[in-house]
Amino acid sequence: MSEPTGAARRRGPFKVGDQVQLTDPKGRHYTFTLEAGKNFHTHKGSFPHDELIGAPEGSVVRTTGNVAYLALRPLLPDYVLSMPRGAAVVYPKDAGQILSFADIFPGARVVEAGVGSGSLSSFLLRAIGDQGMLHSYERRADFAEIAQQNVERYFGGPHPAWQLTVGDLQDNLSDTDVDRVILDMLAPWECLEAVSKALVPGGILCCYVATTTQLARTVESIREIGCFNEPTSWETMIRNWHVEGLAVRPDHRMIGHTGFLLTARRLADGVEPPMRRRRPAKGAYGEDYDGPNADGGAGR
């Protein structure tokens, strides 16, 4: 049985071409690619790459300035935060939520729109494995090129489950029997009709948007199209803790708002979504609003 794509790069002694993450005594990270005969330079001195080639992961190297660095392979969350960027990346905290709440499983057939720098594509590919299918759409060719380079650098070459198309999703989507659709874009509501035709009954639509106005319009558009169940929306925040002896306190900095996530599931063809029983708060919809629930939620 052959190893999954990229697995050989995640274990064993360091090899030429491996990504290495150094951690200095202050906890700062430095990432580079191992090359025979090269040197790694910092303001605290240097050391030859050859010193790490063949060494086990978790080794400690010292520079000519006698500063110790811990050498490990970067985790995927580390890699996506340090890789070259064209567009902003999907942060690991949001990628983890997408993998979990969009229920990305091995062998899944996934469509992604808005590749950016390839962060989420890398997480999705590792989750679906070689037997899955990820078809990513990116409207900007320069972003697509950066994303392809980042993904291939992480996996050590092209991933057999990945197809990347440059162009708008709504104009180019030809995939059918899709299990999951992930939309990371400015106006996901423009793609709802196209993705509703591609998704299998029970399939999951997951949208990642930055602002409350985008979130509101996306949710109302999903309700209006009528072939999804009631969408769920949320955001996540991460706060690290400082733990040293009796000094146990939250860090002064945290990863706050990066974006909103929402999910909805595709209904079977010809089925109407159940009526909502929760009445919207008075004034939730303005006087000039004429979209879904324009009657103030009467009967729902």
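# Exercises on a predicted model

Just after helix 4, G156 takes a positive phi of about 85°. Keep in mind as you work that this is a predicted model.

**Exercise 1. Look at the two glycines that follow helices.** Which residue takes a positive phi just after helix 3?

*Solution.* Step one: go to the end of helix 4, where you meet G156 with its positive phi of about 85°. Step two: go to the end of helix 3 and check what comes right after. There you find G129, with a positive phi of about 75°.

**Exercise 2. Work out how helix 4 is laid out.** Which residues of helix 4 are buried, and what covers them?

*Solution.* Start with the length. Helix 4 covers residues 141-155, which makes 15 residues. From first C-alpha to last, helix 4 reaches 21 Å, close to the 21 Å expected at 1.5 Å a residue.

Next, pick out the buried residues, using the cut-off of under 20% relative accessible area. You should get F143, A144, A147, N150, V151, Y154 and F155. Now look down the axis: these buried residues fall within an arc of 130°, so they line one face of the helix. The spacing has a simple background: an α-helix has 3.6 residues a turn, so residues three or four places apart point the same way.

Last, see what sits over that face. The cover includes helix 1 (76-82), helix 3 (119-128), strand 8 (133-138) and strand 9.

**Exercise 3. Follow L125 into the core.** Is L125 buried or exposed?

*Solution.* First, place the residue: L125 is found in helix 3. Then check its accessibility. L125 has 0% relative accessibility, so it counts as buried. Its helix fits that picture, since 8 of the 10 residues of helix 3 are buried. Among them are S119, L120, F123 and I128.

Now list the contacts of L125, skipping neighbours within four places in sequence. They are L134, V151, F155, H159, A161 and W162. Two of these names should ring a bell: V151 and F155 are among the buried residues of helix 4.

Zoom out to the largest nonpolar core, which has 29 residues. L125 is one of those with the most contacts inside it, along with I98, V110, I128 and I182. Helix 1, helix 2, helix 3, helix 4 and strand 11 each give two or more residues to this core. Helix 3 gives the most, with 5 residues.

Finally, try I98 in the same way. Leaving aside neighbours within four places in sequence, I98 is in contact with V90, D103, I104, L120, I182, C206 and L261. Apart from this core lies another one, of 26 residues, including A113, A187, C191 and L205.

**Exercise 4. Trace the sheet of 7 strands.** Which strands stand at its edges?

*Solution.* Read off the order, which is 9-8-7-10-11-15-12, in an open sheet with mixed pairing. Strand 9 (162-166) and strand 12 (232-234) each have a single partner strand, so one side of each is left without a neighbour in the sheet. Neighbouring strands here are turned by 15° against each other on average, direction ignored.

Pick one pair to study. Strand 11 (residues 199-209) and strand 15 (residues 260-265) run antiparallel and are joined by 6 bridges. Within that pair, C206 stands opposite T263.

Then add the helices. Helix 2 (residues 92-101) lies across strand 10 (178-184), strand 11, strand 12 and strand 15, at about 10° to strand 15. Helix 7 (residues 212-225) touches strand 11, strand 12 and strand 15, and its direction makes about 5° with that of strand 15.

Finish with T263 itself. Its relative accessibility is 14%, so T263 counts as buried. Beyond four places in sequence, T263 touches F101, I204, L205, C206, E230, P231, T232 and W234.

**Exercise 5. Do the same for the sheet of 4 strands.** What is the strand order, and how do the strands pair?

*Solution.* The order of this open sheet is 2-1-6-5, with antiparallel pairing. The ends come next: strand 2 (29-33) and strand 5 (59-62) are the edge strands, each pairing on one side only. On average, neighbouring strands are turned by 30° against each other, direction ignored.

To check one pair, take strand 1 (residues 19-23) and strand 6 (residues 68-72), which are joined by 3 bridges. The bridge partner of T23 in strand 6 is L70.

Methods. Residues numbered from 1 in each chain as written. Predicted model: local features only at pLDDT ≥ 70, side-chain atom pairs only at ≥ 80, totals over all residues. Heavy atoms only, no water. Pairing = 2+ DSSP bridges. Axes fitted to C-alpha atoms, helices over the stretch in contact; angles between N-to-C directions. Contact = heavy atoms within 4.5 Å. Expected span 1.5 Å × (residues − 1). Buried < 20%, exposed > 50% of the residue type's maximum accessible area, 1.4 Å probe, protein only. Arc of directions from axis to C-beta. Core = buried A, V, L, I, M, F, W, Y, C linked by side-chain atoms within 4.5 Å.
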